[in-house]
Amino acid sequence: MHTSLLLFLGDIGGSELILILVVFLMFFGANKIPELARGLGKGIREFKDATQEIRSEIENSGQPQPTHYQAPPVPQSYPVTPPAPAYTAPQTELPTVEPVLSPAQEHNKDFNPTV
């Protein structure tokens, strides 16, 4: 079973494979290898999704497509209400204010020279 996995490599031995991996590590660096693997995984996943979508389109091409017809909405009539009156502040009467008198004026307030 182990030999069938590596058949595509041909006559490459273990030492040659390790040398290739070391060169790959030196060329890309330890930080870039996970990013490359992540990008490769995303690419493979997108490829599988695209092939599955194409396969489903081909399988469904012979079947009639259901029509999704919706009738236009019927306009509803609403009762017309008059607009609300504009806001007016309530009318309040201001309190009457009596003048403040000084003590001298207070003493002479009862004095009426015309009488």
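In the predicted model, E35 is partly exposed, with a relative accessibility of 43%. Its salt-bridge partner is K32, and the closest N and O atoms of the two residues lie 3.8 Å apart. This separation satisfies the criterion for a salt bridge, because a side-chain nitrogen of Lys or Arg must lie within 4 Å of a carboxyl oxygen of Asp or Glu. K32 is likewise partly exposed, its relative accessible area being 44%. Both residues belong to helix α3, which spans residues 32-60. Because K32 and E35 are three residues apart in this helix, about one helical turn separates them. A search of the whole structure returns one salt bridge.

The secondary structure of the protein chain consists of four helices and zero strands. Along the sequence, the elements follow the pattern α-α-α-α. The chain contains 115 residues, of which 0% are buried. Its accessible surface amounts to about 12,100 Å², and carbon and sulfur atoms account for 64% of this area.

A nonpolar patch on the surface is formed by I12, L17, I20 and L21. Together, these four residues expose about 330 Å² of accessible area. Within the patch, I20 is located in helix α2, which covers residues 14-28. The relative accessibility of I20 is 47%, and this residue therefore counts as partly exposed. The value is also compatible with membership of the patch, because patch residues must have over 30% relative accessible area.

Aromatic contacts were also examined. The structure contains two aromatic pairs. One of them joins F27 and F28 in an edge-to-face arrangement, with 4.9 Å between the ring centres and 85° between the planes. The pair is assigned to the edge-to-face class because its interplanar angle is over 60 degrees. The distance likewise meets the pairing criterion, since ring centres must lie within 6.5 Å. The two rings belong to residues in separate accessibility classes: F27 is exposed, with a relative accessible area of 67%, whereas F28 is partly exposed, at 31%. The assignment of F27 follows because a residue counts as exposed over 50% relative accessible area. For F28, the value falls between the limits of 20% and 50%, so the residue is classed as partly exposed. Through ring pairs, F27 and F28 are linked with F24 into a cluster.

How values were computed: Residues are numbered from 1 along each chain as its sequence is written. This is a predicted model: local features need pLDDT of at least 70, side-chain atom pairs count only at pLDDT 80 or more; totals for chains, interfaces and linings use all residues. Side-chain values use heavy atoms; hydrogens and water are left out. Rings of Phe, Tyr and Trp (its six-membered ring) pair if their centres lie within 6.5 Å; planes under 30 degrees apart count as stacked, over 60 as edge-to-face and the rest as tilted. Buried means under 20% relative accessible area, exposed over 50%, partly exposed in between (1.4 Å probe, protein chains only). Helices (H or I, at least four residues) and strands (E, at least two) are DSSP runs, numbered from the N terminus. Accessible areas come from the Shrake-Rupley method with a 1.4 Å probe; for residues, only the protein chains shown count as cover. Patches are made of residues with over 30% relative accessible area and no salt bridge: like charges are joined within 9 Å, nonpolar side chains (Val, Leu, Ile, Met, Phe, Trp, Tyr) within 5 Å.
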